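Colleague: I am new to this structure and would ask for a close look at one part of it. Please take the packing of a pair of helices, with whatever background is needed.

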Amino acid sequence: MSILVVVLAGGTAGVFAAWGAIAPIVARFSGDEAPADFTGSGNGEEVDFAIVDGQVGSDIAANLADSGVTKSYEAAYAILLTDETLTFQPGTYALQREMSAQAAIDALQDDANRIVNRLVIPEGTAAVDIYSLLSEATDIPLEQITAAAADVASFGLPAEATSLEGYLFPATYDLDPDLDAHGYLQLMVDTQVARLTALGVQPADYQRVITLASIVQREAGLAADYPKVSRVFLNRLDDGMLLQSDATVAYGTGNTHRVTTTDEERGDASNPYNTYMNEGLPVGPISNPGDLALDAAVKPADGTWRYFVTVNLDSGETTFSTTFAEHEVAVAQWQAWMREHPEYQ
């Protein structure tokens, strides 16, 4: 299945906004200043770049920048806006760091760059998207993979795990023709369990740790902020505050590629993942977290913060606040930055 480049409108940010919650979904380009871009076809450092079924052009542009392939989100997205007929095939592609946006887009259009012997699962990928990636990489029918995943008890997980969400470790896996759908999923589960064991997490705590880590994975931006974001959520839980995570709400609506939400979605109490309406952690993980998020969930930073907001979308600078009054000041700083950078609106 091909992925059509689509322009989507984002929702509003929540009470406290993380990088993902206010990352640019739609950019506006005035033509006054060219987006930051590299030149050439890369620096020789290879990158395995994954495209997941269901992603749109803004997702791909953001991931190219996040992986260091392109210099900026805008450079790639500006190209996509000029040709709405562009489509992308799900799968894993061999790219390089520091490619020009045009070179990267061109490489993703060339099937010669598709990697057929490895499966790459990016951190924070939802289970439903992992199943699609696995099917695309191995040619195992998607229905066989989802059927295998539905038999959660066969994977040796604690009874609290009602699905494989959160337990499929994001990594690069070599394809093994001797493995079937269950075998591949078991490999991912075993790798995740090994990571939890190495962190000293007991089976009785798997679900709690992975659920928290999955939210941190989706809400945090800069690597240094992961432990702080974890502490914010833990402080809110300790204080009996609502988590108010847009990422959990979006997941509950079936949107695994965004964390922005609408007023209506945040007000829907029937969504069991709605942490604006329901106390405590959500009913389960919302993504499959990697090492950084798992480590942050187990070893959060020390601090009294209860709010955070990204005040500079270019640098990812995030302000952490203890009181709501402090948070309001940070939000005003973010709003001022947004007014000075209309291309993000």
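Modeller: The account below begins with the whole chain and then turns to individual helices. The model is predicted, so local features need pLDDT of at least 70 and side-chain atom pairs count only at pLDDT 80 or more, while totals for chains, interfaces and linings use all residues. Residues are numbered from 1 along each chain as its sequence is written, and side-chain values use heavy atoms, with hydrogens and water left out.

The protein has 13 helices and eight strands; these are DSSP runs, numbered from the N terminus, with at least four residues (H or I) for a helix and at least two (E) for a strand. Of its 345 residues, 50% are buried, meaning under 20% relative accessible area with a 1.4 Å probe, protein chains only.

The requested pair is H3 (residues 73-82) and H4 (residues 101-108), whose axes come within 8 Å and cross at roughly 60°. Axes here are lines fitted to C-alpha atoms over the stretch in contact, and angles run from 0 to 180 degrees between N-to-C directions. H3 and H4 are therefore oblique to each other, a class for angles that are not under 35 degrees (roughly parallel), over 145 (roughly antiparallel) or 65 to 115 (roughly perpendicular). Ala75, Ala76, Ile79 and Leu80 of H3 make the contact with Ala101, Gln102 and Ile105 of H4, where contact means heavy atoms within 4.5 Å.

Elsewhere, H8 (residues 206-219) is mostly covered, with twelve of its 14 residues buried. Among them are Tyr206, Val209, Leu212 and Glu219.
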